[in-house]
Amino acid sequence: MSEKYYISWEEFHQDAKHLAQKLKNGGYNKIIAVSRGGLLPAGILAYELDIRNSQAVNVSSYDNDEFRADADVKIDCPAGEADEHTLIVDDLSDSGRTFRLMRTLFPRAHFVAVYAKPRGKSVVDTCAREIPDNWVVFPWDI
């Protein structure tokens, strides 16, 4: 995974709006953003879908550059209940690990990501589009 895949602000915004169009008739009334990557797309979805009930969960799956074992991942979740009308939002489903861990907490929720890589696609219910298995450089990373 040496090549980088760059996403511009405009591209990200359009892809997030495209994701909202896919979700538009789903009857969703709550958003739980996976912090930090899910905060920006969750905000766009909240406006596009007119959802005011927005929460965030903090997921810490690594320390600096070292990944934690699944049992050691910290999920700070004050968001309460989540049903089939709840969106769990992240910017990217890379390996799918975060969403797999989150599904144990919110098994009935609808999991969405703006982007999904091949390994992470299977745990996403809806994504704007699939991207190659390259290192993703988001506009806020530049």
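Q: Is Arg103 buried, partly exposed or exposed in this predicted model, and how does one read that?
A: The general idea is that a residue is called buried under 20% relative accessible area and exposed over 50%, with partly exposed in between. Arg103, at 24% relative accessibility, therefore counts as partly exposed. Its salt-bridge partner, Asp125, is partly exposed as well, because its relative accessible area is 38%.

Q: What are the closest N and O atoms of Asp125 and Arg103 able to tell me, and how far apart are they?
A: A salt bridge is read from the distance between a side-chain nitrogen of Lys or Arg and a carboxyl oxygen of Asp or Glu, which has to be within 4 Å. In this case the closest N and O atoms of Asp125 and Arg103 are 3.1 Å apart, and the two residues form a salt bridge. Because Asp125 lies in the loop between β8 and β9 while Arg103 belongs to helix α3, the pair ties together parts that are 22 residues apart in sequence.

Q: How many salt bridges does the count come to, and with which residue does Lys117 form one?
A: The count comes to 7 salt bridges. One of them joins Lys117 to Asp94, with 3.4 Å between the closest N and O atoms. Lys117 sits in the loop between β8 (110–116) and β9 (126–130), and Asp94 in the loop between β7 (86–93) and α3 (97–105), so this pair ties together parts 23 residues apart in sequence. Lys117 also forms a salt bridge with Asp133, where the closest N and O atoms are 4.0 Å apart. That second pair again links distant parts of the chain, since Asp133 lies in the loop between β9 and β10 (135–137), 16 residues from Lys117 in the loop between β8 and β9. Elsewhere, salt bridges that share partners join Glu11, Asp15 and Arg129 into one network.

Q: Which of these residues, Lys117, Asp94 or Asp133, counts as buried?
A: Lys117 counts as buried, because its relative accessibility is 1%. Asp94, at 31% relative accessibility, counts as partly exposed, and so does Asp133, with a relative accessible area of 43%.

Q: What does Ser93 touch, leaving aside residues up to four places away in sequence?
A: Ser93, a residue of strand β7, touches Phe99, Ala113, Tyr115, Ala116, Lys117, Gly120, Val123 and Val124 on that basis. Ser93 is buried, with a relative accessible area of 3%. The C-alpha atoms of Ser93 and Cys127 are separated by 8.9 Å, although the two residues are 34 residues apart along the chain.

Q: At what angle do helix α1 and helix α2 pack, and how is such a pair described?
A: Helix α1 (residues 9–23) and helix α2 (residues 39–48) pack at about 50 degrees, with their axes 9 Å apart. That angle makes α1 oblique to α2, and their crossing is right-handed. By class, the contact has 10 nonpolar, 1 polar and 2 charged residues.

Q: Which residues of α1 and α2 meet, and what helps in reading such a list?
A: An α-helix has 3.6 residues a turn, so residues three or four places apart point the same way. In α1 the residues that meet α2 include Trp9, Phe12, His13, Ala16, Lys17 and Ala20, and on the α2 side they include Leu40, Pro41, Ile44, Leu45 and Glu48. Within α2, Pro41, Ala42, Ile44, Leu45 and Ala46 are buried.

Q: Where does the backbone show a positive phi or a cis peptide bond?
A: Most residues other than glycine have a negative phi, and most peptide bonds are trans. Asp50 has a positive phi of about 55 degrees although it is not a glycine; this residue is found in the loop between α2 and β3 (54–60). At 59% relative accessibility, Asp50 counts as exposed. A cis peptide bond joins Ser35 and Arg36, with omega at about 10 degrees, and Arg36 lies in the loop between β2 (30–35) and α2.

Q: How many helices and strands does the chain have, and in what order do the elements run?
A: The chain has 3 helices and 10 strands, which run β-α-β-α-β-β-β-β-β-α-β-β-β from the N terminus on. Buried residues make up 46% of its 142 residues. Of the contacts in the chain with a separation of 6 or more, 61% are between residues 24 or more positions apart.

Technical notes. Residues are numbered from 1 along each chain as its sequence is written. This is a predicted model: local features need pLDDT of at least 70, side-chain atom pairs count only at pLDDT 80 or more; totals for chains, interfaces and linings use all residues. Side-chain values use heavy atoms; hydrogens and water are left out. Axes are lines fitted to C-alpha atoms, for helices over the stretch in contact, and angles run from 0 to 180 degrees between N-to-C directions. Helices (H or I, at least four residues) and strands (E, at least two) are DSSP runs, numbered from the N terminus. Angles under 35 degrees count as roughly parallel, over 145 as roughly antiparallel, 65 to 115 as roughly perpendicular and the rest as oblique. A crossing is left-handed if the near helix is turned anticlockwise from the far one by less than a right angle, and right-handed if clockwise. Contact means heavy atoms within 4.5 Å. Ala, Val, Leu, Ile, Met, Phe, Trp, Tyr, Cys and Pro count as nonpolar, Asp, Glu, Lys and Arg as charged, and the others, Gly among them, as polar. Buried means under 20% relative accessible area, exposed over 50%, partly exposed in between (1.4 Å probe, protein chains only).
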